[in-house]
Amino acid sequence: MRKVVIAGNWKMYKTVSESVDTVLALKPLVANANHCEVIIAPVFTALKTVADRIEGSNIRIAGQDCSTEVEEGAHTGEVAAFMLKDAGASHVIIGHSERRQFYSETDLMVKKKCQAALTAGLTAIVCVGESLEQRDQGIAENVVSGQLNGGLSGLTASDLDRIIVAYEPVWAIGTGRTATPEQAQEMHAFIRRVFAERHSSGAAEALRILYGGSVKPDNIAGLMSQGDIDGALVGGASLKADSFAQIVNYRS
Ligand code: PGA
């Protein structure tokens, strides 16, 4: 059985004190969510404080990005994966479409970041997804398989245990326009097939694939009813403790 993952991506929102307030409000609301892993990705500056304040709870912390560099060094502005781990993170989001789109992140960079994350002992949440133009051109699957092959090449079987894929169609992020559960399911099943061909059917079966893009309390249950959707990466609706808790507790 694949354990469900519900991850909140706070993007570039919230000061340290706002982050702490939100996570402390969230903590009791998700304390009984044993059916899933609950993850929050605050901004770098809040990560350590948030991690300290939720120690011992069932909330895990993710970085929103990490450096391609494994070792410390002269890389102004970068944060190494091992530093995220040191600050209390267990996960890191890699290759988010906003980074690909606005910060020119390539599949090669995604690959290096994944390797840095795995070396540091973090679990990588690797984002893939097509633009609206690519979907309209009928090349969504080619785009996603290209991102998977480029970003996740060179991984060993044991590395795969610490990879989570997030399918986030760019046209659904922050737009209020969610993929239908059927559209999402179709791509998730495709991603699993790509993994089966590239790695093994066992690895594909075990892979957690999250959906992301305008996930809200009122659409999570429909998405989660699909066989290949193993959780969600939530942006806007994760910024408020109560709406994120409703998503986490979608079954109750
Ligand atoms: P959204 O963002 O839920 O606000 O669409 C999702 C994401 O970017 O991870």
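Ala51 is a good place to start: in this predicted model, Ala51 counts as buried, because its relative accessibility is 10% and the cut-off for buried is under 20%. You can find Ala51 in helix 2, which covers residues 44–53. Now look at what surrounds it. Setting aside the residues within four places in sequence, Ala51 is in contact with Ile61, Ala87 and Gly88. Ala87 makes a nice example of how a folded chain brings residues together: Ala51 and Ala87 are 36 residues apart in sequence, yet their C-alpha atoms are 7.4 Å apart in space.

Stay in helix 2 for a moment and find Asp52 and Lys48. Their side chains meet in a salt bridge, with 3.1 Å from N to O. How far apart are Asp52 and Lys48 along helix 2? They are 4 residues apart in the helix, so about one helical turn separates them. Asp52 is partly exposed, with a relative accessible area of 39%, and Lys48 is partly exposed too, at 43%.

Next, let us turn to His96. This residue lies in the loop between strand 4 (91–94) and helix 4 (97–102). Is His96 buried or exposed? With a relative accessible area of 5%, His96 is buried. Not counting residues up to four places away in sequence, His96 touches Asn9, Lys11, Cys127, Glu168 and Ile173. With Glu168 there is also a polar contact, in which the two side chains are joined at 3.2 Å.

One of the residues that His96 touches is Cys127, and that brings us to the cysteines. How many disulfides does the structure have? The count comes to 0. Cys127 is in no disulfide, and the nearest cysteine sulfur, that of Cys114, is 9.9 Å away. Cys127 is buried, with a relative accessible area of 1%. Why does Cys66 not form a bond with the closest cysteine sulfur? That sulfur belongs to Cys114 and lies 7.9 Å from the sulfur of Cys66, so the two are too far apart for a bond; a disulfide needs the sulfur atoms within 2.5 Å. Cys66 also counts as buried, at 3% relative accessibility.

Back to salt bridges, of which the structure holds 13. A second one to look at joins the side chains of Glu130 and Arg135, at 2.7 Å from N to O. Here the partners have different surroundings: Glu130 counts as buried, at 0% relative accessibility, whereas Arg135 is partly exposed, with a relative accessible area of 25%.

Another salt bridge is formed by the side chains of Asp230 and Arg2, at 2.9 Å from N to O. This pair links distant parts of the chain, 228 residues apart: Asp230 is in the loop between helix 10 (220–224) and strand 8 (231–234), while Arg2 is in the segment before strand 1 (4–9). Both Asp230 and Arg2 are buried. They also belong to a network of salt bridges that links Arg2, Arg192, Glu205, Asp228 and Asp230.

The last stop is Ser153. Look for it in the loop between helix 7 (140–151) and strand 6 (163–167). Ser153 is buried, with a relative accessible area of 14%. Leaving aside its neighbours within four places in sequence, Ser153 is in contact with Lys111, Gln115, Leu148 and Arg198.

How values were computed. Residues numbered from 1 in each chain as written. Predicted model: local features only at pLDDT ≥ 70, side-chain atom pairs only at ≥ 80, totals over all residues. Heavy atoms only, no water. Helix = DSSP H or I, 4+ residues; strand = E, 2+ residues; numbered from the N terminus. Buried < 20%, exposed > 50% of the residue type's maximum accessible area, 1.4 Å probe, protein only. Contact = heavy atoms within 4.5 Å. Polar contact = N/O pair within 3.5 Å; in protein donor to acceptor, adjacent residues only side chain to side chain. Salt bridge = Lys/Arg side-chain N within 4 Å of Asp/Glu carboxyl O.
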